[in-house]
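Subject: Structure for you to look at, with notes

Dear colleague,

Here is the structure I promised to hand over. Please open it beside these notes, which set out what was found in it.

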Amino acid sequence: MKASTILFTFALGAQSATSFTTTLNCKPKAAISSTARSMGLFDFFSDDARKERDERKQREIEEQERLQREIIARRSNPAKMEEYEAKVRVRRQLRMNGQDDAADSLDMYSGEDEKIVGLN
């Protein structure tokens, strides 16, 4: 028993000691010819990253404004409001039946860009 414990300890120590050595089958990595380096956190301040953030923010704002115009148009038009309420009832019934995927795929907004006098 004592010999097997010593042998096990020795084997465990030998394996952990190899974790600090280099492996022989490592291949050298190919040199990258580009001088541009990814700086991680510092890429946040680059002009390209700033432009991308601004464009993404502008697209998000435009999408929110389009949805808001559709909501305003729906509230002022009783026929559109009835259509929306029918979609809500269908979606709620699907959720009650446990069909969450079908409820998520139901399109609540028409996707049309509404023109509202005074807001566009």
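I begin with one pair in the chain: the side chains of Arg-50 and Asp-54 meet in a salt bridge, at 3.8 Å from N to O, where a salt bridge is a side-chain nitrogen of Lys or Arg within 4 Å of a carboxyl oxygen of Asp or Glu. Being four residues apart in helix H2, Arg-50 and Asp-54 are separated by about one helical turn; helices (H or I, at least four residues) and strands (E, at least two) are DSSP runs, numbered from the N terminus.

Before going further, please note that this is a predicted model, in which local features need pLDDT of at least 70 and side-chain atom pairs count only at pLDDT 80 or more, while totals for chains, interfaces and linings use all residues. Residues are numbered from 1 along each chain as its sequence is written, and side-chain values use heavy atoms, with hydrogens and water left out.

**The salt bridges of H2**

Arg-50 also forms a salt bridge with Asp-47, the closest N and O atoms being 3.7 Å apart, and these two residues both lie in helix H2, three residues apart, or about one turn of the helix. Asp-47, Arg-50 and Asp-54 are thus linked in a network of salt bridges. In general, an α-helix has 3.6 residues a turn, so residues three or four places apart point the same way. Within the network, Arg-50 counts as partly exposed at 39% relative accessibility, and Asp-54 is partly exposed as well, with a relative accessible area of 43%; buried means under 20% relative accessible area, exposed over 50%, and partly exposed in between (1.4 Å probe, protein chains only).

Elsewhere in H2, Glu-63 forms a salt bridge with Arg-66, with the closest N and O atoms 2.8 Å apart, and the two residues, being three apart in the helix, are separated by about one helical turn. The side chains of Glu-63 and Arg-66 also make a polar contact at 2.8 Å, a polar contact being a pair of N or O atoms within 3.5 Å, of which, within protein, one must be able to donate a hydrogen and the other to accept it, and for which residues adjacent in sequence count only if both atoms are side-chain atoms. Glu-63 counts as partly exposed at 37% relative accessibility, whereas Arg-66 is buried, with a relative accessible area of 16%. A search of the whole structure finds eight salt bridges.

**H2 and its buried residues**

Does the length of H2 agree or disagree with what is expected of a helix? At 1.5 Å a residue, its 30 residues should span 44 Å, and the end C-alpha atoms are 43 Å apart, which agrees; the expected span is 1.5 Å times one less than the number of residues. The buried residues of H2 are Ala-49, Arg-66, Arg-69, Glu-70, Ile-71, Ala-73 and Arg-74, and the buried residues of this helix pack against H3.

Arg-74 lies in H2, which covers residues 47-76, and is buried, with a relative accessible area of 8%. Not counting residues up to four places away in sequence, Arg-74 touches Lys-80, Met-81, Tyr-84, Met-108 and Tyr-109, contact meaning heavy atoms within 4.5 Å. The C-alpha atoms of Arg-74 and Tyr-84, ten residues apart along the chain, are separated by 7.9 Å.

**H3 and H4**

Asn-77 caps the N-terminal end of H3, a side-chain oxygen lying 3.1 Å from the backbone nitrogen of Ala-79. The 19 residues of H3 (residues 78-96) should span 27 Å at 1.5 Å a residue, and the end C-alpha atoms are 27 Å apart, which agrees. Just after H3, Gly-98 takes a positive phi of about 85°. Asp-100 is found in helix H4 (residues 100-105) and counts as partly exposed at 37% relative accessibility; its side chain makes a polar contact with the side chain of Arg-95 at 3.4 Å.

**The chain as a whole**

The chain has four helices and zero strands, and its elements run α-α-α-α from the N terminus on. Buried residues make up 11% of the 120 residues. Among contacts between residues at least 6 apart in sequence, 52% join residues at least 24 apart.

With best regards
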